[in-house]
Amino acid sequence: QVQLREFGGGSVRAGDSLRLSCVASEQFFSINTMGWFRQAPGKQRDFVAVISRSGTATNYADSAKGRFTISRDNAKNTVYLQMNGLKPEDTAVYYCAASRDIVLHTTEGTYNYWGQGTQVTVSS
């Protein structure tokens with residue numbers, strides 16, 4: 001199975017930026033569609049962003065558009081989430097996920113592998 005590990009979470013102030021990284025212990029990382037999801041306390045896990053195998057196609061949740069950017073470096077088996085203009089409502093545990101499906105799904109059911117999550121806390 002694919003192992004995913006997220007890095008880069010932390011506590012920041014509103015308006016600050018963070019860059020999350022997700023490293024996959026997978027030789028053929030490029031075969032995976034990669035997504036980012038987040039879960040706030042007491043809430044369901046929600047879609048944030050997704051990127052295609054080649055990195056040429058992306059999709060974002062409305063809450064992330066204009067502020068977050070997903071990217072990947074297949075040579076490093078890594079996917080990133082650049083988060084700018086952070087707001088308190090962005091506070092959540094952020095998870096990266098991998099799918100063997102080439103479709104850019106926005107629902108978690110199609111993702112086969114998940115990281116342990118990294119905490120992002122945004123204070124006002």
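# Exercises: one sheet, one disulfide, two cores

β3 and β8 run antiparallel and are joined by six bridges. Two strands count as paired if DSSP finds at least two bridges between them. Strands (E, at least two residues) and helices (H or I, at least four) are DSSP runs, numbered from the N terminus.

This is a predicted model: local features need pLDDT of at least 70, side-chain atom pairs count only at pLDDT 80 or more, and totals for chains, interfaces and linings use all residues. Residues are numbered from 1 along each chain as its sequence is written, and side-chain values use heavy atoms, with hydrogens and water left out.

## Exercise 1. The sheet

Work out in what order the four strands of the open sheet lie, and which are its edge strands.

**Solution**
- Step 1. Read the order: β1-β3-β8-β7, with antiparallel pairing.
- Step 2. Find the edges. β1 (3-7) and β7 (68-73) each pair on one side only.
- Step 3. Check the twist. From one strand to the next it averages 15 degrees. Axes here are lines fitted to C-alpha atoms, for helices over the stretch in contact, and angles run from 0 to 180 degrees between N-to-C directions.
- Step 4. Count the bridges between β1 and β3. Five join these antiparallel strands.
- Step 5. Recall the bonding. Strands of a sheet pair through backbone hydrogen bonds, either parallel or antiparallel.

## Exercise 2. The disulfide

Find which cysteines form a disulfide, then explain what parts the pair ties together.

**Solution**
- Step 1. Search the whole structure. One disulfide turns up (cysteine sulfur atoms within 2.5 Å).
- Step 2. Name the pair. Cys-22 and Cys-96 have sulfur atoms 1.9 Å apart.
- Step 3. Note the hand. The link of Cys-22 and Cys-96 is right-handed, with 45 degrees about the S-S bond.
- Step 4. Place the ends. Cys-22 sits in β3 (18-25) and Cys-96 in β9 (92-99), so the disulfide ties parts that are 74 residues apart in sequence.
- Step 5. Check burial. Buried means under 20% relative accessible area, exposed over 50%, partly exposed in between (1.4 Å probe, protein chains only). Cys-22 is buried at 0%. Cys-96 is buried at 0% too.
- Step 6. Tie Cys-22 back to the sheet. In β3, Cys-22 is the bridge partner of Glu-6. In β8, the bridge partner of Cys-22 is Val-79.

## Exercise 3. Two loop asparagines

Is Asn-32 buried or exposed, and what about Asn-77?

**Solution**
- Step 1. Locate Asn-32. It lies in the loop between β3 and β4 (33-39).
- Step 2. Read its burial: 0% relative accessible area, so Asn-32 is buried.
- Step 3. List its contacts (heavy atoms within 4.5 Å). Beyond neighbours within four places in sequence, Asn-32 touches Glu-26, Arg-53, Arg-72, Ala-98, Ser-99 and Arg-100.
- Step 4. Look at Ser-99. Its C-alpha is 5.4 Å from that of Asn-32, although the two are 67 residues apart along the chain.
- Step 5. Turn to Asn-77, in the loop between β7 and β8 (78-83). Its relative accessible area is 17%, so Asn-77 is buried.
- Step 6. Check the backbone. Phi of Asn-77 is near 55 degrees, a positive value in a residue other than glycine.
- Step 7. List its contacts, again leaving aside neighbours within four places. Among them are Cys-22, Val-23 and Phe-29.

## Exercise 4. Cores and rings

Identify which residues touch the most other members of the largest nonpolar core, then describe how Phe-37 and Tyr-111 pair.

**Solution**
- Step 1. Define the core: buried Ala, Val, Leu, Ile, Met, Phe, Trp, Tyr and Cys residues joined through side-chain atoms within 4.5 Å.
- Step 2. Read the hubs. Of 28 residues, Leu-4, Trp-36, Leu-81, Met-83 and Tyr-94 touch the most other members.
- Step 3. List the contributors. β3, β4, β5 (45-51), β7, β8, β9 and β11 (118-123) each give two or more residues.
- Step 4. Find the other core. A second, separate one has six residues, including Phe-37, Val-50, Ala-97 and Tyr-111.
- Step 5. Inspect Leu-4. Its contacts include both Cys-22 and Cys-96.
- Step 6. Turn to the rings. Rings of Phe, Tyr and Trp (its six-membered ring) pair if their centres lie within 6.5 Å; planes under 30 degrees apart count as stacked, over 60 as edge-to-face, the rest as tilted. The structure holds four such pairs.
- Step 7. Classify one. Phe-37 and Tyr-111 are edge-to-face, 5.1 Å centre to centre, with 75 degrees between the planes.
- Step 8. Check burial. Phe-37 is buried at 1%, and Tyr-111 at 5%.
- Step 9. Assemble the cluster. Ring pairs link Phe-37, Phe-47, Tyr-111 and Trp-114.
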